[in-house]
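Colleague: I am new to this structure and would like a close look at a single part of it. Could you take me through the disulfide and the strands around it, step by step?

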Amino acid sequence: MNENQSAEGATSPDDDYSATVLGSHWIQRPETSDTLALTGGPETLVLSDTTAGEVRPDRVEGTLLRFGPGVNADTMRRLGEVPSAVPVRRRTWRRHVLPALVLLAVVAFLLWHRTGPSLGVDDVTVSAASPTPGCDETADITGTVTTNGRPGEITYRWVRSDGTSSKILHEDLTHNQKRARLHLLWTFQGEGRYAARAELHLLSPVRRTVSTRLTYHCP
């Protein structure tokens, strides 16, 4: 044994030992074994598959393991799709504003019509178109009722001096109608002279009586 051999034997007791360290990405993945060994550091990481059909890692880089089939093209296409815009329902309350206002106006008018001032009578007069009718003529007697212009109904009756009277009559007045004319036709026949009187009896909205006189003359 020479000196070189003696020196090597003194410094290296294991001639076959190698201190070369490989990176973990240089480790070849086992193809048939169910055990995967990684050397990413001072210790060795061992992964064991316990299920025969379980998916193995896609690849090994250092100590990072990714399992599963990964993201395929169909998944990427679904992820890249832009979600369709959800139509926004516009408010439709504006379309109902005008009808609602019209309805409120009608209701307010009806309430005012009922609760407002009632029909009032300011004056009542009676006159004859011809105060002296001749032989077999018909006298036109007119009663005029002046009101405050409110709508309503007038009830009245005519009474003649010959002892006859009419039934209760009605006259409807509209809004802003401030005058109502009520007519009585009185026909005279025969010869002679007769002093007649016609009375208008207003029954509602107030009670009032007015009259007029006329003279019938037939020689």
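Modeller: Please keep in mind that this is a predicted model. A search of the whole structure finds one disulfide, and the two residues that form it are Cys 135 and Cys 218, whose sulfur atoms lie 1.8 Å apart. This pair links distant parts of the chain, since Cys 135 sits in the loop between β5 (121-128) and β6 (138-147) while Cys 218 belongs to strand β11, with the two positions 83 residues apart in the numbering. The torsion about the S-S bond of Cys 135 and Cys 218 is about 105°, and the disulfide is therefore right-handed. The two cysteines can also be described by their accessibility: Cys 135 has a relative accessible area of 39% and is partly exposed, whereas Cys 218, at 7%, is buried because the cut-off for that word is under 20%.

Strand β11 covers residues 208-218, and Thr 212 is found in it as well. With a relative accessible area of 12%, Thr 212 is buried. Leaving aside residues up to four places away in sequence, Thr 212 touches Val 126, Ser 127 and Ala 128, together with Ile 141, and also Ala 196, Arg 197 and Ala 198.

From the loop that holds Cys 135 we can turn to the strands on either side of that loop, β5 and β6. They belong to an open sheet of three strands, in the order β5-β6-β9 and with antiparallel pairing. The edge strands of this sheet are β5 and β9 (179-187), each of which pairs on one side only, and neighbouring strands are turned by 15° against each other on average, if direction is ignored. Between β6 and β9, which run antiparallel, there are nine bridges, and Thr 144 stands opposite Arg 181 in β9.

Ala 196, Arg 197 and Ala 198, which were among the contacts of Thr 212, lead on to strand β10, which spans residues 192-204 and pairs with β7 in the antiparallel sense over six bridges. Within that pairing, Trp 158 has Leu 200 in β10 as its bridge partner. Strand β7 (residues 152-160) is also joined to strand β8 (residues 169-173) by five bridges, and these two strands run antiparallel; here Gly 152 has Leu 173 in β8 as its bridge partner.

Terms used. Residues are numbered from 1 along each chain as its sequence is written. This is a predicted model: local features need pLDDT of at least 70, side-chain atom pairs count only at pLDDT 80 or more; totals for chains, interfaces and linings use all residues. Side-chain values use heavy atoms; hydrogens and water are left out. Helices (H or I, at least four residues) and strands (E, at least two) are DSSP runs, numbered from the N terminus. Buried means under 20% relative accessible area, exposed over 50%, partly exposed in between (1.4 Å probe, protein chains only). Contact means heavy atoms within 4.5 Å. A disulfide is a pair of cysteine sulfur atoms within 2.5 Å. Two strands pair if DSSP finds at least two bridges between them. Axes are lines fitted to C-alpha atoms, for helices over the stretch in contact, and angles run from 0 to 180 degrees between N-to-C directions.
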